[in-house]
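Student: Could you take me on a close look at the salt bridges in this structure? I would like to see which side chains pair up and where they sit.

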Amino acid sequence: GLFDLLKTFFPNIPALEVKPLLLYQVPHNLEINRIRIALEKASHIAIDQWWSERFIRALPSPLGERIASTKIPDAIFWRRRADGSRQKFFLEYERTLKNKSRYEEIFRSYAQRHDVDNKNVIYICANDFIRGELEQVEAKLAKAGKLAGAGLYFQFVTLENFYKTYSNNPTKKEEEQ
C-alpha cells in the first residue's frame, strides 16, 4: 500500500522485484555487509555509490543485463577520487572455494567486460588457501592465453588483510590473543 502511495507522487519510481534470501546465503551476505561498512567508514577511501548483488538482480531487465551482463558480482561500488572523478570496482567475497572450472569462466567473463581494467575486480578471500587457489587459476589462464595477462584485472586479498587495511575493528585472531 505504501508503495502505491509513493507511485502517486513519483510515477516513474522503478518497481524492483525482491527475491527471497536462502538460509545458506546469510553468512556470505552478512560478511558482504561488514565489508561495505568497513569501506564506508575508512578514512582513506570515499565510497560514492554501492550496489549489492540483490540490488542489481532487482533492476529491470534491460538495465540489469547491461550492468552485469553474464556475471553478477557480490557488489559494484564507485569510489570518489580526489579530483572528483569516480572509479568503478567489482567486489567478490569468496567464503568457500568453487570448482576451478567455474572460476575460469568467471575470470574470462570479467576480462571481456569493457569496464574491467587496472585491477578493479577485487576478490576478498576467507583465507590464504582460497586466495592462493584463485591466483593459480588466474596464472594458468594467462599462461594459456585465455587472459591478456596475470595481475591486470584482479586483486586477491584475504579477509584478514582487508580488515587490517580498511577497519579499526580487530580481526578474530586479534580478539583471541
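Tutor: Happy to! We call it a salt bridge when a side-chain nitrogen of Lys or Arg lies within 4 Å of a carboxyl oxygen of Asp or Glu. Keep in mind that this is a predicted model. By that definition, the structure holds 14 salt bridges.

Let us begin in helix α5, which covers residues 100–112. Here the side chains of E105 and R102 form a salt bridge, with 3.0 Å from N to O. Where are these two relative to each other along the helix? They are three residues apart, so about one helical turn separates them. Now look at how much of each residue is open to the outside. E105 is partly exposed, at a relative accessible area of 45%, and R102 is partly exposed too, at 35%.

Next to E105 in the sequence you will find E104, which has a salt bridge of its own. Its partner is K140, and their closest N and O atoms are 3.0 Å apart. What does this pair tie together? E104 lies in helix α5 and K140 in helix α6 (residues 128–143), so the bridge links parts that are 36 residues apart in sequence. Are the two partners buried or exposed? E104 counts as buried because its relative accessibility is 16% and the cut-off for buried is under 20%. K140, on the other hand, is exposed, with a relative accessible area of 52%.

Now move along to helix α7, residues 159–166. There the side chains of E160 and K164 meet in a salt bridge, at 3.7 Å from N to O. Both residues belong to this helix and are four residues apart, about one turn. E160 is partly exposed, with a relative accessible area of 27%. Salt bridges can also share partners: D48, R80 and R86 are joined into one network in that way.

Before we finish, come back to α5 and follow the chain into the loop between α5 and β4 (121–125), where N118 sits. The phi of N118 is near 50°, a positive value in a residue other than glycine. N118 counts as exposed, at 61% relative accessibility. K119 is in the loop between α5 and β4 as well. K119 also has a positive phi, about 55°, although it is not a glycine. At 37% relative accessibility, K119 counts as partly exposed.

Note on methods:
Residues are numbered from 1 along each chain as its sequence is written. This is a predicted model: local features need pLDDT of at least 70, side-chain atom pairs count only at pLDDT 80 or more; totals for chains, interfaces and linings use all residues. Side-chain values use heavy atoms; hydrogens and water are left out. Buried means under 20% relative accessible area, exposed over 50%, partly exposed in between (1.4 Å probe, protein chains only).
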